[in-house]
Amino acid sequence: RHRGWCVGYLGANVSQSKIRTPLLRIPPDLVVLTATKIDTAAQLMHIAQHLVDREVPVAYGGRIFADLPAVRERITGQYLGDHLMPAIESIEHILMHGPIIKEAQPRDSVHQKALDAYASQLAAIEADVSQAVADFAMPAEHLQAANLNLASDIRAALDFGDLDLLGREIDWVEHYLAHYELPPTLLRNYLEVYRGVVENHLDGDAMPILNWLARVSDQLSTST
């Protein structure tokens, strides 16, 4: 704006459905999207594809894309780089010369099938997990947060076709437990229960989820 460009701010946490109206009213020369976590990056991925399909130029950035470069392979649009000031220069260059649109790599059918099955059974999975961990030393508010965050992260990682993108999220949960002085074994026990419940509900459709949960549990077992 200080350099003479007309800039509109659509707000934070803008969904794909909410972004349509203002863009149809005033077609932009460029839409810049940002994300900082794996779940919001998955939302960004769908919004970016929606816009590019309608010939709206897209550029994007945010911490998650610097921390996990593999995520960028799934995003259609031009990546603005890892730092703010060069990103501003890149935006101005795009406005003057047009973006270099990088096509996203397609998601494989195995992860798509797992995502569809997981989403369809999620309510039942969370209900069974909550019942199974009733005897754990886990306050209700922490259990609710764990279920919500884990489900959101799993769906996002399946959307990207790679559950191993969640390594940083698990590290965050370990720090969360330490902050609230909860036993470090709680996370491993919770994930083992979660794996068993997912297996009961989804069986073969959930192999990417089951394999990832088994790997994480093994890693936690060696570190605690």
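Colleague: Where does aspartate 203 sit, and what is its phi?

Modeller: Aspartate 203 comes just after helix 8 and takes a positive phi of about 55°. Helices here are DSSP runs of H or I, at least four residues, and strands are runs of E, at least two, numbered from the N terminus. This is a predicted model: local features need pLDDT of at least 70, side-chain atom pairs count only at pLDDT 80 or more, and totals for chains, interfaces and linings use all residues. Residues are numbered from 1 along each chain as its sequence is written, and side-chain values use heavy atoms, without hydrogens and water.

Colleague: How do you know that the span of helix 8 agrees with its length?

Modeller: The expected span is 1.5 Å times one less than the number of residues. Helix 8 (residues 185–202) has 18 residues, so it should span 26 Å; its end C-alpha atoms are 26 Å apart, which agrees.

Colleague: Why is methionine 96 called exposed?

Modeller: Exposed means over 50% relative accessible area, buried under 20%, partly exposed in between (1.4 Å probe, protein chains only). Methionine 96 has 54%, so it is exposed. Its place is in helix 4 (residues 84–97).

Colleague: Which residues of helix 8 are buried?

Modeller: Among them are Leu187, Tyr190, Val193 and Val197.

Colleague: What makes strands 1 and 2 a pair?

Modeller: Pairing takes at least two DSSP bridges. Four bridges join strand 1 to strand 2 (residues 58–61), and the two run parallel. Valine 31 stands opposite valine 58 in strand 2.

Colleague: Which side chains of strand 1 are buried?

Modeller: In strand 1 (residues 31–34), Val31 and Leu33 point to one face and are buried. Val32 and Thr34 point to the other and are not.
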